[in-house]
Amino acid sequence: MPKYLSLEESRKMLDTADNEDNRNHERDYAITTLFLNCGLRLSELIGINIPDIDFSECKMTVIGKGNKERTIYLNKACMKAISEYLNNARPKTNIKFDSKNALFLSERKERISRRTVQLIIEKVLKNSGLDTQKYSVHKLRHTAATLMYQYGNVDIRALQELLGHESISTTEIYTHVSNDQVRNAIENNPLANY
């Protein structure tokens, strides 16, 4: 069973990431928002270029495992977080030449590194009171998939497409359900009161 954050823990993480005491809070909030809403892999997040985002269609293209391209649809929270970061916090000048199109930049004005993103997420987890030994960047991918499946009534095939899994069996790890969900399924059977 994959480890994942509850809905409340996820909300706490987003609130913590948006802390204005952090000079990079708009960037860190956008990163956290994308992880928790889109189920991105770390490599996909750091590889996002601004031209990959279609703001009018609320979607972006990412390069996944095996160099495969896929479309990620962006909800209101993602669009708002990206827009606020781009408009208010992303450096506009002196960006390293090979990083000009990168969505997320480090303080050195170059494409953010894997390690920097890992450190950002570790800090947000720690400041949220969550166990950094138990949760990581990849666990946010599990969290996004689990929350979509549990709360969004997302079909397993749609989840497979969203996560970029070759095999449906890989996606099936997110279909774990709680005993309450099993009980509710039985109680909501149309024949339950026959």
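Here is a short walk through the structure above, from confidence to helix α2, the cysteines and an aromatic pair.

Please keep in mind that this is a predicted model, in which local features need pLDDT of at least 70 and side-chain atom pairs count only at pLDDT 80 or more, while totals for chains, interfaces and linings use all residues. Residues are numbered from 1 along each chain as its sequence is written, and side-chain values use heavy atoms, with hydrogens and water left out.

Let us begin with confidence. The pLDDT, the predictor's confidence in each residue on a scale from 0 to 100, averages 87 over the protein, and 87% of the residues score at least 70. Among the elements, which are DSSP runs numbered from the N terminus (helices: H or I, at least four residues; strands: E, at least two), strand β1 (residues 53–54) has the highest mean pLDDT, 98, and helix α9 (residues 179–187) the lowest, 59.

Now turn to helix α2, residues 25–38. How far should its 14 residues span, at 1.5 Å a residue? The expected span is 1.5 Å times one less than the number of residues, which gives 20 Å here, and the end C-alpha atoms are 19 Å apart, in agreement. The helix is mostly covered, with 11 of its 14 residues buried (under 20% relative accessible area; exposed is over 50% and partly exposed lies in between, with a 1.4 Å probe and protein chains only). Among the buried residues are His-25, Arg-27 and Asp-28, as well as Leu-34, Phe-35 and Cys-38. Just after α2, Gly-39 takes a positive phi of about 65 degrees.

Cys-38 leads us on to the cysteines. How many disulfides are there? With a disulfide taken as a pair of cysteine sulfur atoms within 2.5 Å, the count is zero. For Cys-58, the nearest cysteine sulfur belongs to Cys-78, 9.9 Å away. For Cys-78, the nearest is that of Cys-38, at 3.7 Å. Cys-78 is buried, with a relative accessible area of 1%, whereas Cys-58 is partly exposed at 29%.

Finally, the structure holds one aromatic pair. Rings of Phe, Tyr and Trp (its six-membered ring) pair if their centres lie within 6.5 Å; planes under 30 degrees apart count as stacked, over 60 as edge-to-face and the rest as tilted. The rings of Tyr-85 and Phe-104 have centres 5.3 Å apart and planes at 35 degrees, so this pair is tilted. Because Tyr-85 lies in helix α4 (residues 76–88) and Phe-104 in the loop between α4 and α5 (114–127), the pair ties together parts that are 19 residues apart in sequence. Tyr-85 is buried, with a relative accessible area of 2%, and Phe-104 is buried, also at 2%.
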